[in-house]
Amino acid sequence: MPEAARPALPAAAYADRLVTSLAAAGVADLIVCPGSRSQAIALAAARAAREGSLALHVRIDERSAAFLALGLARETGSPVAIVVTSGTALANLHPAMLEAHHSDVPLIAITADRPAELQGVRANQTTRQPGIFGDAARVVLDVGADALRHPEGDAVRAVRAALGWRGDAIADGAPVAASSEPDDAHTEPGPVQLNIAFREPLSGGAPAAARPIEPVGRPPMPTATLRAAAATVVIAGADAGAAAVDLAEAIGAPLIAEPTSGARFGRVLVPHGRDVIAQLGEAVRRVVVLGHPTLARAVTGLIRRPDVEVVTIGRAGQDNVRGTGATTVLTGRIEVEPAERDAEDIGREWIERWVAAGRALAAEHDAESAPDSQLSRSAYAKAELAEGRTPITRRELVTQVWDRTWPHDRLVVAASRLIRELDAFAGPKAVTARANRGLAGIDGTVSTASGIAIAHRRSGEPGLTRLLIGDLALLHDAGGLHVPPGEERPQLQIIVGNDRGGSLFDLLEVAGSAAPDDFARVLRTPHEVDFEHLAAAYGWPYERVSDRAGLRRALSQARPGIIEAVLEGETDAQQL
């Protein structure tokens, strides 16, 4: 009997129905890493991609692939699935699963496993897989080789858990349908493990049809109230969103927003907010926190002050920002409670003090960097020529990238010294900037940005995705530059600030206390990598710039590739 005419074998039948059901439930992207035990799901995904029911992405390295999934899910807000084989393959997903957990990003790790008879007997590529991600997985669904009966239900359970539904509303054999849940039956989106044991034969036979299922919606959100109060400041950390702007205006409070908050704009935004805290912070009596603030010690110190009440707009059932004094965590949609006085009356003078102080600092910084408007034409030409010979500083790099990024663009910023520089000097602007600040690791940044770039381009929005990254963070995910033949290449411009090592450590106390040679070897970790050759190895266009004029020219071209910005003389803490 021809292979195509044979009924699907158990592994293949389950995989066909699972992939079809994932797509129907709302998974638009699926990443596959090569492997034998997972071959049935990989082949089912390839077939689904040919039929147009989902987008397939293939990557060799599981760690980079997981961060690609993370980037796609960050940009779309929808669950993204990644398929890996057994053994060490799934261990490589752990960094991205941790970041997804702490950033509330919906990922579904589909981990192929060996059957029960191969467990505990030292069979090849066999380890204890269910629960390997610990608390990082919102839910662990373990499907044994004798339980490959309800792939539609398994798919729906995985998608529901990734989207933040609590509990397991569908039992084996139950009808697959949308179920009603109480209003508090939600938590934040996050990562899920679907572990599936397959027996040989691992593929073969005609495709199997899945039962129809409905798309999985998001759980209902509860509502909480917040009152306006005097001496309040709103802090917007990573992923806070534009809701932070609306809330600050509604309660009459100045807004201090990190660059990856999505809230660094509006009439109540305080420019150079972390520096203004040093001037006015003693008067603060309440802080309202949205997102995950991580960049400034001044902000952290304000939140941790025992005389400051902290209200966190937070995560149901998860860890949240807390102060050392009174802390309240509110989850869901926030409604502003009417106050005895109008919020505008409460906050007008208070906001004006903070905003005016921030604008004064901004004017000082602008005066330091702006050319003299009274220069003669010849003097101005000389100044322009000198500009072309002026080395690039970190401040120049981050502000040029920020200033050339528009609301329709995407900016991804690595966890490096550059994001702190951006926080210090980036002006007010409605930029969609993203970063892996859940755990603030440098893992997988190139791959995360690639996922964001692919999803952004597919959305049909105009604009470019830029990645601002340090040299060590780029080296850490150099494998993320590899795009296999035939796969979609991300429209991504990578701007790497190369100061030849981990200069972030220059800012820490250890820089002044450790023996210089030991500090350089084990912390700053200098390197001699030629980024031009690295770019060529992976087929990326490359340009090296070492002066301000060259940086402006390279950024203005707004095209994919790697721009290496050489940061001259930027090797010690005094330069910041």
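Two strands are taken as paired if DSSP finds at least two bridges between them; helices (H or I, at least four residues) and strands (E, at least two) are DSSP runs numbered from the N terminus. The model is predicted, so that local features need pLDDT of at least 70 and side-chain atom pairs count only at pLDDT 80 or more, while totals for chains, interfaces and linings use all residues. Residues are numbered from 1 along each chain as its sequence is written, and side-chain values use heavy atoms, with hydrogens and water left out.

An open sheet is formed by six strands in the order β2-β1-β3-β4-β6-β5, with parallel pairing. Its edges are occupied by β2 (55-58) and β5 (139-143); each has a single partner strand, so one side of each lacks a neighbour in the sheet. Within this sheet, β3 (residues 80-84) and β4 (residues 107-113) pair in the parallel sense over five bridges, and Val83 stands opposite Ile110 in β4.

A further set of pairings involves strand β8 (residues 232-236). Five of its five residues are buried (under 20% relative accessible area, against over 50% for exposed and partly exposed in between; 1.4 Å probe, protein chains only), so β8 is largely enclosed by the rest of the structure. Thr232, Val234 and Ala236 point one way from β8, whereas Val233 and Ile235 point the other way. Strand β10 (residues 286-290) runs parallel to β8 and is joined to it by five bridges, with Ala236 opposite Leu290. Strand β9 (residues 255-257) is also parallel to β8, through three bridges; there, Ile256 is the bridge partner of Ile235.
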